[in-house]
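Biologist: Before the terms in this description are used, I should like each of them justified. Please set every value against the rule that it has to meet.

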Amino acid sequence: MQPIELVVFDMAGTTVTDHHEVERCFAEAAAQTGLFVTDERILAMQGLAKRYVFETLWKEQLGELHTDIQRQVDVSYATFRHILEAHYRTHGATPTEGCLDTFAYLRSQGIAIALTTGFYRVVTDIILEKLGWLDGLDKRYMGSPQSIIQLSIASDEVERGRPYPYMIERAINWLNVSSPKAVINVGDTPSDLLSGRAAGVALNLGVINGTHSRDQLEAHPHDLLIGSLAELPALIESRKEMIEV
């Protein structure tokens, strides 16, 4: 068992309070562009890169080989981007319960904080700026031990977003973490948990105060489901005690 060097957090629903605005914006874009999708289906695909979601849903509606798929995806995705960016520019963003205290604890322990997201960079920056979490980040969105976070990664900056492990793997590589077994992954969606399993992290945690309930996350790969980020410091402390023994 290795000491924890890095915690990788999802954004919306995990570190940023989610009021189902992403689902509403997605549903509005789908309706405006002729894509028929239920609220349940949208929720089930939370955390995935949004262009990938539109592509998946349009293939389901039109058929895998339909010649119009890419055009429809382009239209739906552009509409979604416009609606979502307008929303976040005109509304605030707040940290989730226990988030800031947990960030402070991690910094005090010398444990790096990386934020990953299914959002693309433009929206990611709007949200980070609202929260003041861009402070201290360089052009690669890397920070210092003193900045609130040490790295931000958006889904359009890797080959594939969740459920693939590429964002977690980039965080491990860029922050010079010794091994995936020195990493905790935390998220509130099935795709967050799937990416954590694919990356082979030490602890793959689901939070149940975000977009998904305990029942909705239970069937997906995880080591533990927690009520909020406020429970994370105690988990890390108990792990440290086990290592010392």
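Modeller: Let us begin with burial: a residue counts as buried under 20% relative accessible area, as exposed over 50%, and as partly exposed in between. The coordinates come from a predicted model.

Biologist: What makes Glu-55 partly exposed?

Modeller: Glu-55 has a relative accessible area of 23%. Partly exposed is the class between under 20% and over 50%, so Glu-55, at 23%, is partly exposed.

Biologist: How do you know that Lys-59 and Glu-55 meet in a salt bridge?

Modeller: The rule asks for a side-chain nitrogen of Lys or Arg within 4 Å of a carboxyl oxygen of Asp or Glu. For the side chains of Lys-59 and Glu-55 the N to O value is 3.3 Å, so the pair satisfies the 4 Å limit. Lys-59, with 24% relative accessibility, is also partly exposed.

Biologist: Why are Lys-59 and Glu-55 separated by about one helical turn?

Modeller: Because both belong to helix α3 (residues 50–62) and are four residues apart there.

Biologist: What makes the contact of Asp-68 with Arg-71 a salt bridge?

Modeller: The closest N and O atoms of Asp-68 and Arg-71 are 2.9 Å apart, and the limit is 4 Å, so the name applies. Arg-71 is partly exposed, because its relative accessible area is 46% and the exposed class requires over 50%.

Biologist: How do you know that Arg-121 and Glu-157 form a salt bridge, and what parts of the chain does the pair link?

Modeller: Their side chains meet at 2.8 Å, N to O, which is within 4 Å, so the pair qualifies. The pair links distant parts of the chain, with Arg-121 in helix α6 and Glu-157 in the loop between β3 and α7, 36 residues apart. Arg-121, at 9% relative accessible area, is buried, whereas Glu-157, at 23%, is partly exposed.

Biologist: How many salt bridges does a search of the whole structure find, and which residues are linked in a network?

Modeller: The search finds eleven. Asp-10, Arg-162 and Asp-192 are linked in a network of salt bridges.

Biologist: Why is Asp-125 called buried?

Modeller: Its relative accessibility is 17%, and buried means under 20%, so the term holds. Asp-125 lies in helix α6 (residues 121–131). Leaving aside neighbours within four places in sequence, Asp-125 is in contact with Leu-134 and Tyr-141.

Biologist: Is Leu-43 buried or exposed, and why?

Modeller: Leu-43 is buried, because its relative accessibility is 16% and the cut-off is 20%. This residue is found in helix α2 (residues 39–44). Not counting residues up to four places away in sequence, Leu-43 touches Glu-23, Thr-211, His-212 and Gln-216. Leu-43 and Thr-211 are 168 residues apart along the chain, yet their C-alpha atoms are separated by 7.7 Å.

Biologist: What makes Met-1 exposed, and which residues form a nonpolar surface patch?

Modeller: Met-1 has 60% relative accessibility; exposed means over 50%, so Met-1 belongs to that class. Met-1 lies in the segment before β1. With Met-242 and Ile-243, Met-1 makes a nonpolar surface patch of about 320 Å².

Biologist: Let us turn to the sheet. What is the order of its strands, and why do β3 and β6 stand at the edges?

Modeller: The open sheet has six strands in the order β3-β2-β1-β4-β5-β6, paired in parallel. β3 (151–154) and β6 (224–226) each have a single partner strand, so one side of each is left without a neighbour in the sheet. From one strand to the next the twist averages 20 degrees.

Biologist: How do you know that β5 and β6 pair?

Modeller: Pairing requires at least two bridges. Three bridges join strand β5 (residues 203–207) to β6, so the requirement is met. Leu-224 in β6 is the bridge partner of Leu-205.

Biologist: What makes β4 mostly covered?

Modeller: Five of the five residues of β4 are buried. Val-183, Asn-185 and Gly-187 point one way from β4, while Ile-184 and Val-186 point the other way. Four bridges join β4 to β1, and four join β4 to β5.

Terms used: Residues are numbered from 1 along each chain as its sequence is written. This is a predicted model: local features need pLDDT of at least 70, side-chain atom pairs count only at pLDDT 80 or more; totals for chains, interfaces and linings use all residues. Side-chain values use heavy atoms; hydrogens and water are left out. Helices (H or I, at least four residues) and strands (E, at least two) are DSSP runs, numbered from the N terminus. Axes are lines fitted to C-alpha atoms, for helices over the stretch in contact, and angles run from 0 to 180 degrees between N-to-C directions. Patches are made of residues with over 30% relative accessible area and no salt bridge: like charges are joined within 9 Å, nonpolar side chains (Val, Leu, Ile, Met, Phe, Trp, Tyr) within 5 Å. Accessible areas come from the Shrake-Rupley method with a 1.4 Å probe; for residues, only the protein chains shown count as cover. Buried means under 20% relative accessible area, exposed over 50%, partly exposed in between (1.4 Å probe, protein chains only). Contact means heavy atoms within 4.5 Å.
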